[in-house]
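Ready to get to know a new structure by working through it? Here are a few exercises, each with a solution that goes step by step.

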Amino acid sequence: MKQPVQSRQLTLDRIRAATPSAAKDASQLAESYATLPRTYIRRGSLSAPVRIELMIQRLREYDAEVVECAPAELPDAITTQLAASGRHQFVTPPGTPNEWMITSAWKITGLEWTIDHDLAIDEIEKAEGVVTAATCGIADSGTIVLHHTSTEGRRVLTLLPDWYLCVLRASQIVETLPEYFSLCQQPPALATYISGPSATADIEMTRIKGVHGPRILVVIVVRDDK
Amino acid sequence: MTHAGSERVSLDPRFAPPFPQAALIMLRNPQLRKNVGHAIDVIQAKRGKLVVEKIDWQELRSAASEIRFHALDNLGAYLEQFEARCTAAGGHVHWATDAAEARQIILDLLRQENATEVIKIKTMTSAEIQLNSFLQSAGVSVFETDLAEIILQLGDEDPSHIVVPALHINRSQVRVIFARTMGLKNLSDDPKELTNAARTYLRQKFLTVPTAISGANFLVAETGTVSVVESEGNGRMCLTLPRTLISLVGIEKVLPHFQDLEVMLQLLARSATGERMNPYTSLWSGVTPGDGPQNFHVVLLDNGRSRILAKDKERQTLKCIRCAACMNTCPVYRQTGGHAYGSVYPGPIGAILTPQLMQMKYAQTLPYASSLCGACYEVCPVKINIPEVLLELRSQVVNQERRQAGRFFDLMYLGLRIANLIFATAWGFHAAQRMGRIGLRFFTRKDGWIHALPSLGAKWTQTRDLRGLPKQTFHQWWAERAKGSK
C-alpha cells in the first residue's frame, strides 16, 4: 500500500507530465480562462410579466401547484394552502418573516407548527409539511433556488416533509440560468436547485412523482412586481 | 432467473467475452431488446423536443467543450485549488492512484467510523472500482438508494446504462424482484406502487445509517464545491442526513469556476433525461455547521485517467460529463443494450473509455463496436469526437496485434503486406485490377452482382453482396476519352 502523500504527489506528477502546455502560473491560467468562448445567451429578453408567466408555466409542467397573490394577501394565501393540504403538522425555518403571520394563521386554523431551532431529525420526519422562502426562481427551467439561509432552512427541512410550500417573490425571478449565476458573485457554501417535485423514470421511463423528497410542491408567487 | 432468462455477461473487462460474442447473446433476447428499445424511444423523443427549443444549444456545446478542455489542460492546478478550498471549508481530500487504493481508503474511513452499514447514491465510478463487492466482503453492508440501483442490487442484476442503469428491466420483472426480496406478495406491476415500495423500504435506512457514499457530477476548483445532480431525492437524503459522507470522484471532473456550472447544468439534464432541469441539484463545499454531514471526505481517483490525459487525440475522452446521450442515439447500443460492452461504461463512450482505462488487451473488440456513423459526436454536449478516438484505438489494436509472434503468416496481415506491395506502384496496381477482373468474372452473375465468394471472400458475401467489377476502369476510360478527343 502506497503512502497517502506519495499517491498525491504521484498523481499530480503524472498529470503535470501529461499536460506540458498547462499555464505556468496563476495569471497565465486566468488569462487562458478569460479567452474561453461564451457566445451562449446570458441575459433573457422577456418582459417581466412574460418572464413570471413562463416561470409559472414551467412549474406547472413539473406538476407543481402554483398560486399567485398580492404581497398583502400572502398570509391569507398561506393559510388557504395549509388548510387545503389536508395536513396538520408543519415545520418552518427559524428566520421565517413575521409578516407571513404564520403563527397566528396556523393557530386560527388549528394546525400544529414547529420552528426549526435545531430540531432532531425524527421531529422533522414527523412533520407533514414545510413552508420556506427561496433565493431565486429561474423561469427558463422552472427552477427554484435555495441557498439555505435562515428563511429557507437547512437542507433536511425541505426534504423530509411530504408537502412543501415555497414562497417565491416575483421580483426574485430571473429568466436564464446565467442570470442567476451572475447574481452569485459570492458563491454560496450550500445550494439546492429544485425543479419540480421529487421524481423518477427508472421503471420503463414512466415518470412517477414523489420518490424520497416531497411528493407535493406548492409555490406561491407573490406579485411584488405590480 | 431475473436476468431476463438469459446468459450473464461479466462487466469486468478482464473476464468479459469479446463484443461480437456478447452482443450475440443479447440479440437473442427479445425481451431485453424490447425493453431497451422502448426506454430509448422515450428518452430520445423527450430530448429531441428540449434541444430544439434551446436556440443557443450549439453555443452552449462549444462553451462546454472549451471549458472542459481548458480544465483538462490545467488539471494539476485546478485539482490543487479544489483541494485547498475544500480543505479550508472543513473537508478532507484523499488521492488514489488506482482502484485498489481508492477501495482501501474508503474502507479505512468506514472503519474509523465503526460503520457496518453504508447508504449510497448512484455512482458509476464506484462500479468502475467494484466498491460494493469489496465492502461487502469486508463486512460492510451496502444499501443502494437510487431506484434503478435498488432494482439491480435486489435482483442481482448488472447496470446496462449510465443514467438509467435498469432500463433493460421492465415493470413486471421489477415486480418479481421486489415481491421476492421485500416480501410483498400482493405487489402489482404499477410503476407508482413499485416506486412506493422502494420509498418505504429505504426510509428507515436514510434515517438511521450514519455513513454515506456518493459520486459527484462536478467539482469546482474556485470554491471547493462538490455537485450531485439527481431526480429522486435519495441523493439529498444521503448528502444531508448521515454524520459522515465520502464522495468518490474521478480527477477529470473538475471545473475551473462556479459560473461554469451555468453551462454544464443547461446541457446535462437535457442531454441525459430530456428534462429542462433535473428535479434536484445539490451543491456543497466542505462542511457547514448545523447542516449535513460534519465529517466529509473526497477521494480523487486517477485509475488510468492521467494516462488518457497524456495522449493528444484521446484526451477528449475525459471531457465526458456522463449524460449518456451517445448511447441513447447509438444504433449499435439500441440493438445490444449495455451488457454486451462487458464494462460498467457501455455505448460509444464506453467503447472508447473502457479500453483506455483498462489495458487494451482486455477490451480489444470495443473500438470495433461501432458503425462510425457519427451520431454520438453530433449529440455529445461537450463535443467529444468519439469516431476519431475509435479510429485511433483501432489503429492501436492493429499495431499491437500485427507485432505479435505467430501473426506473421496470419492471412489478414499477409494479405495486407501483399496489398502494400501491389499498391506501391502504378503498374502493380493496374496488373492487379486486370487480374481481379478476370478472376471475379467467374463469380459475377447476370445481374452484375457477386452473391457468393469462396474461402476468405465468403466473409464478405455471407452478409452482403458485392458489385462486380466494371468492364473498364476509370483510368482506362479517361485514357480512351483523351484519345478520342484528339
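**Exercise 1. Find how many residues of chain A are in contact with chain B, and describe that side of chain A.**

Start with the count: 64 residues of chain A are in contact with 76 residues of chain B. Keep in mind that this is a predicted model.

Next, look at which elements of chain A take part. At least two residues each come from the helices α1 (4-18), α2 (26-34), α6 (121-126) and α7 (177-183), and also from the strands β9 (190-194) and β10 (199-200). The biggest giver is α1(A), with 11 residues.

Last, sort that side of chain A by class: 35 residues are nonpolar, 18 are polar and 11 are charged.

**Exercise 2. Work out how β9(A) pairs with a strand of chain B.**

Begin with the partner, which is strand β9 of chain B, residues 280-285. Now check the direction: the two strands run in the antiparallel sense, and 5 bridges link them. To pin down one spot, go to Thr192(A), whose bridge partner in β9(B) is Ser282(B).

**Exercise 3. Decide whether chain A is a compact globule or more spread out.**

First, take stock of the parts: chain A has 7 helices and 12 strands. Then compare two values. For 226 residues the globule rule gives 17 Å, but the radius of gyration of chain A is 22 Å, well over that, so chain A is more spread out than a compact globule.

For the outline, the C-alpha trace of chain A spans about 70 × 50 × 40 Å along its principal axes. As for the inside, 48% of the 226 residues of chain A count as buried. Finally, take the contacts in chain A between residues at least 6 apart in sequence: 73% of them join residues at least 24 apart.

**Exercise 4. Locate Glu204(A) and Leu372(B), and say whether each is buried, partly exposed or exposed.**

Take Glu204(A) to begin with. You'll find Glu204(A) in the loop between β10 and β11 (208-209) of chain A. Its phi is near 55°, a positive value in a residue other than glycine. Now count neighbours: buried takes 20 or more other C-beta atoms within 10 Å, and exposed takes 12 or fewer. Glu204(A) has 19 C-beta neighbours inside 10 Å, so it counts as partly exposed.

Now do the same for Leu372(B), which sits in the loop between α16 (347-357) and α17 (375-379) of chain B. Leu372(B) isn't a glycine, yet its phi is positive, at about 60°. With 14 other C-beta atoms within 10 Å, Leu372(B) is partly exposed.

Notes:
Residues numbered from 1 in each chain as written. Chains lettered and ligands numbered in written order. Predicted model: local features only at pLDDT ≥ 70, side-chain atom pairs only at ≥ 80, totals over all residues. Contact = placed C-beta atoms within 7 Å. Helix = DSSP H or I, 4+ residues; strand = E, 2+ residues; numbered from the N terminus. Nonpolar A, V, L, I, M, F, W, Y, C, P; charged D, E, K, R; others polar. Pairing = 2+ DSSP bridges. Rg over C-alpha atoms; globule rule 2.2 N^0.38 Å.
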